[in-house]
Amino acid sequence: MARFVLRRALQSAVVLVGVTLVVFLLLQLVPGDPVRVALGTRFDQETYDALRERAGLDQPLPVQYASYLGHALTGDLGVSFRTGQPVSQIVLERLPATLSLAVTAVLFALLVAFPLGIVAAVRSGSAVDHAARVFSQFGVSVPDFWMGIMGILLFAGVLGWLPPSGYVALTEDPGRWATHVALPAVTVGLVTASILTRFIRSSVLEVLSADYVRTAEAKGLRNRVVIVRHVLRNALIPVVTVVAVQLASLLGGVIVIEVLFAWPGIGRLTFDAVQARDYPVLQGAVLLVAGLFLLVNLLVDILYARLDPRITVK
C-alpha cells in the first residue's frame, strides 16, 4: 500500500506540472492586459511598468513559466494583481466554504439517493420505481440555477425560513451556518441525488440478477439479509466512483450556485479572478482543484480494495 501511494503521489506531481503548463499557456490567449485591469483607468506609465516588472510579465514566456513553477514547488503561488495578497492565502481562505458546501450537498444526495435507488431496484416496475425514474430525469433536466432561484423565492421570500444568500463559517456559528448552507446544499444535492439514484438503481439491479444472489435466496435467507450482505457491498463499487466524481466536481466549485447564493468558495473566486484578469489567483485556484481531484481519486482506489478483497493495489 505504501508503494502504491508513493507511486500515485509521483504521478500526481507530474499531472500537476502538466496542469500548470496548460493553464499558463491558455491564459496567454485571453485578451486584455491584467496589469491595466488591476490599476484601473487612471495610472501612470511608471506604475504600470513597475507592476509588470514585479509580476514578471516583462520576461519571455519560458522564463515566466519557469519562475512560476519554481516558486509553486515551494508553495509560493504568487500574489494577486487586485489585492496584493499571497495567492496561497486567498485560496486556502476560500477552501473551507467550498468543503462545507460540497460535503453537505453530497451527504444530502446520499440520504436521498441510497434508499430511493435501492427500493426502486428491489421493487422494479412499481410506483416507487417510476417515481425514482421521474425524479432522476427531473434533477438532470432542470437547471440548478432555476432550482436555486425557486428555493430563494419560496423559503426566503414567501416563507422566510432561510436567508437568501451569504455565508457564516461553521466554526464561528454552527446554527447560522446550517441556515445559510441549507438552500445551496439542497440545490446542488438534488442534482447529485438524481444522478446517484439512477446509478444505484442500475447497479443494484445488476447485482440482483447475479448467480450468488439467487443461490443465497435459494438457501432460504431473508430478503433483508440478502440485500445487506450480498447485494449492497457489491453494488457499491461502481457507485463509489460516481460519488467520488460528484464530490470532486463540487470541490472544484459550483460557480453558478456560489455566485447565486453569494457563497465565497473556490467557484466564486475563480469567477471573480476571470472577470478581473487576476491570473495568479486563477492559476492557484485551478491548481488546487486539480490537486483535490487527484486526492479524491487516490482515496477511491484505496476504498475499492476495502470494499472488494479481490481488488488489490500495487
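This passage describes the nonpolar cores, one buried aspartate and the second largest pocket of a predicted model.

A good place to begin is the interior. The largest nonpolar core comprises 57 residues, and L196, I200, V204 and L250 have the most contacts inside it. Two or more residues of this core come from each of the helices α1, α4, α5, α7 (144–158), α8 (174–208), α10 (223–251), α12 (266–275) and α13. V204 gives a closer view of the packing: leaving aside residues up to four places away in sequence, its contacts are I118, A121, V231 and A235. A second core, separate from the largest, has 6 residues, among them L101, W177, V181 and A185.

A charged residue also deserves a look. D129 is found in helix α6, which spans residues 127–141. This aspartate counts as buried because its relative accessibility is 1%, against a cut-off of under 20%. Around D129, once residues up to four places away in sequence are set aside, the residues touched are A120, R123, S124 and R201.

Attention now turns to the pocket. The second largest pocket has a volume of about 300 Å³. Its lining is made up of 16 residues, of which L16, A72, L77, L287 and L288 are the closest to the centre. Helices α1 (2–28), α4 (61–72), α5 (87–122) and α13 (279–307) each give two or more residues to this lining. Sorted by class, the lining of the second largest pocket holds 11 nonpolar and 5 polar residues, with no charged residues.

Conventions:
Residues numbered from 1 in each chain as written. Predicted model: local features only at pLDDT ≥ 70, side-chain atom pairs only at ≥ 80, totals over all residues. Heavy atoms only, no water. 1 Å grid on protein atoms, 1.4 Å probe; cavity = no way out; pocket = protein on both sides within 12 Å on 5 of 7 lines; lining within 4 Å. Points joined across faces, edges and corners; volume = space filled by probe spheres on them. Helix = DSSP H or I, 4+ residues; strand = E, 2+ residues; numbered from the N terminus. Nonpolar A, V, L, I, M, F, W, Y, C, P; charged D, E, K, R; others polar. Core = buried A, V, L, I, M, F, W, Y, C linked by side-chain atoms within 4.5 Å. Buried < 20%, exposed > 50% of the residue type's maximum accessible area, 1.4 Å probe, protein only. Contact = heavy atoms within 4.5 Å.
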